[in-house]
Amino acid sequence: MKNLSKLLRTETEAICYPDGRMVGTDGHERAKVHLKRRLKEMGCKPYIGRSLELNYPFKGKSFCNLVGRIPGTNPKLPPVLIGAHYDSVIPFPCADDNAAAVAIALQAGAMIAEKGGFERDVVIALFDAEEPPYFLGEGMGSHRFYEDHVQGKREIHAAIIMDLVGHDISVPGSMLSDVPLIGKVAALVSGLAKMDLSIPTLSSLLFVTGSESHEEMAVALDSVGHPEGLKIVPTLNRYIGDMSDHGIFRRNGVPYFFLSCGRWAHYHTPTDTPDRLNYSKMSHITHYVVKLATEVDLVEMADRKRVERIHDTLELETSYLRQSLGILYNPIMRQLGVKGIRNRKEMNSFVNKLLSLGLC
Ligand SMILES: [Zn+2]
């Protein structure tokens, strides 16, 4: 695990240039060349044609999705996709957004290539132009990939997308006052209520949306359960919206998981630097992604075009939430004035209150 943390750090730092990776800049070009080489070193074959580069023009600029394929034993089956965007929003390192996820996608791909045994091809997709002004528009990398190379050509079995997966989750200090014992001690520390705190129980949280995209995705998530070092919080995508590259898959009925630690204090700022990331947490996420992909590889997903007629994942969400929050579950509920989560209406109100606190 230590070794993997180290590899992830090297992989992340390799594209955290001081001047960033914004579309059309020199840093973007350097990142593209570097990442293409990394996909090649891993043994990736082109997704289509002869190149790992899937270039496309948009409004007079040239863009490039980097997409490789780790061959499975049955290339006729629709592949599993692991994806993350590699562009940056500002001319700064943007480590958590999204160099960390790119590093995890690459290392997960390397582990899958080395271990073998997948029936389906595993596609490693490093998307261009996720950030504004391209976000959710025609020029967005994942949109172009889906519309130009997936739709009506080669369907994707399921997509696992990551964004903002390098950091610990912190909580507003005010929330501590209700925690037994800790609350009393916390009250003695002046200014604590106003601080953003990293708490061991919560720092390892990882939000996962998409269990609702297909019954088999919920089964796959539950089969993996709580992996070592992480506390999984499955939640509905509609609570947070299509925040990243999973949106195009979701809207087209492709089963998906979207993994994220949410926004944090350094989101879209020059202080989102590689020294602030938790590489141990990232190594747990890497193993988790490989496990999810392994589960998803095995299942058939019939009826996938009707995914919006969703089965309810309330029970899954509540039981994971209780386990993941542990001793903080009751104090957090009290703090938010929530008596219990017995139905979807109560879950909606719980999540809305959490969102208003900035916890997720
Ligand atoms: Zn971003």
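Guide: A residue is called buried when its relative accessible area is under 20%, exposed when it is over 50%, and partly exposed in between. By that rule, 58% of the 360 residues of the protein are buried. The model is a predicted one.

Visitor: What makes Thr 12 count as buried or exposed?
Guide: Its relative accessibility is 0%, and the limit for buried is under 20%, so Thr 12 is buried. Thr 12 lies in helix α1. Leaving aside residues up to four places away in sequence, Thr 12 touches Ala 95, Ala 99, Ala 100, Ala 103, Leu 277, Tyr 279 and Met 282.

Visitor: Which atoms coordinate the zinc ion?
Guide: Donors are N, O and S atoms within 2.8 Å of the metal. Asp 97 contributes an OD atom, Glu 131 two OE atoms, and His 268 its NE2, at 1.9 to 2.6 Å. That range lies within the cut-off, so these atoms count as donors.

Visitor: Where in the chain do the donor residues of the zinc ion sit, and how are they spaced in sequence?
Guide: The spacing is D-x33-E-x136-H. Asp 97 is in helix α3 (residues 95–115), while His 268 is in the loop between β11 (256–260) and α10 (279–298); the two are 171 residues apart and link distant parts of the chain.

Visitor: Why is the site of the zinc ion called what it is, given the angles among its 4 donor atoms?
Guide: The angles run from 54 to 140 degrees. Four tetrahedral donors need all angles between 85 and 135 degrees, so a range of 54 to 140 fails at both ends. Square planar needs opposite donors over 155 degrees apart, and 140 does not reach that. The site is therefore irregular. For reference, ideal tetrahedral angles at a metal are 109.5 degrees.

Visitor: Are Asp 97 and His 268 buried or partly exposed?
Guide: Asp 97 has 2% relative accessibility, under 20%, so Asp 97 is buried. His 268 has 24%, which falls between 20% and 50%, so His 268 is partly exposed.

Visitor: How do you know how many disulfides there are?
Guide: A disulfide requires two cysteine sulfur atoms within 2.5 Å. By this rule the count is 0. Among the cysteines, Cys 44 is buried at 8%, and Cys 64 is buried at 1%.

Visitor: What makes Asp 19 and Arg 30 a salt bridge?
Guide: The rule asks for a side-chain nitrogen of Lys or Arg within 4 Å of a carboxyl oxygen of Asp or Glu. Here the N to O distance is 2.9 Å, so the pair qualifies. Asp 19 belongs to the loop between α1 (2–13) and α2 (26–41), and Arg 30 to helix α2, 11 residues apart. With 34% for Asp 19 and 33% for Arg 30, each residue counts as partly exposed.

Visitor: Which other pairs form a salt bridge, and are their residues buried or partly exposed?
Guide: Arg 144 pairs with Glu 138, with the closest N and O atoms 3.0 Å apart. Arg 144 is buried at 12%, whereas Glu 138 is partly exposed at 47%. Asp 242 and Arg 251 meet at 2.7 Å. Asp 242 is buried at 14%, and Arg 251 is partly exposed at 39%. In addition, Glu 11, Arg 37, Arg 38 and Glu 41 are linked in a network of salt bridges. The whole structure has 20 salt bridges.

Visitor: What makes helix α4 mostly covered?
Guide: Of its 10 residues (141–150), 8 are buried. These are Gly 141, Ser 142, His 143, Arg 144, Phe 145, Tyr 146, His 149 and Val 150. Their cover includes β2 (53–58), β3 (61–70), β4 (80–85), β5 (122–127) and α9 (247–251). Just after the helix, Gly 152 has a positive phi of about 70 degrees.

Visitor: Which residues of helix α12 are buried?
Guide: In α12 (residues 329–336), Tyr 329, Pro 331, Ile 332, Met 333 and Leu 336 are buried. Gly 337, just after α12, takes a positive phi of about 70 degrees.

Visitor: How many helices and strands does the protein have?
Guide: There are 13 helices and 11 strands. Of the contacts between residues at least 6 apart in sequence, 80% join residues at least 24 apart. The protein exposes about 15200 Å², with carbon and sulfur atoms supplying 55%.

Note on methods: Residues numbered from 1 in each chain as written. Heavy atoms only, no water. Donors = N, O, S within 2.8 Å, 3.2 Å for Na, K, Ca; no water. Tetrahedral: all angles 85-135°; square planar, octahedral: opposite > 155°, others 65-115°. Helix = DSSP H or I, 4+ residues; strand = E, 2+ residues; numbered from the N terminus. Buried < 20%, exposed > 50% of the residue type's maximum accessible area, 1.4 Å probe, protein only. Contact = heavy atoms within 4.5 Å. Areas by Shrake-Rupley, 256 points an atom, 1.4 Å probe, with all protein chains shown as cover.
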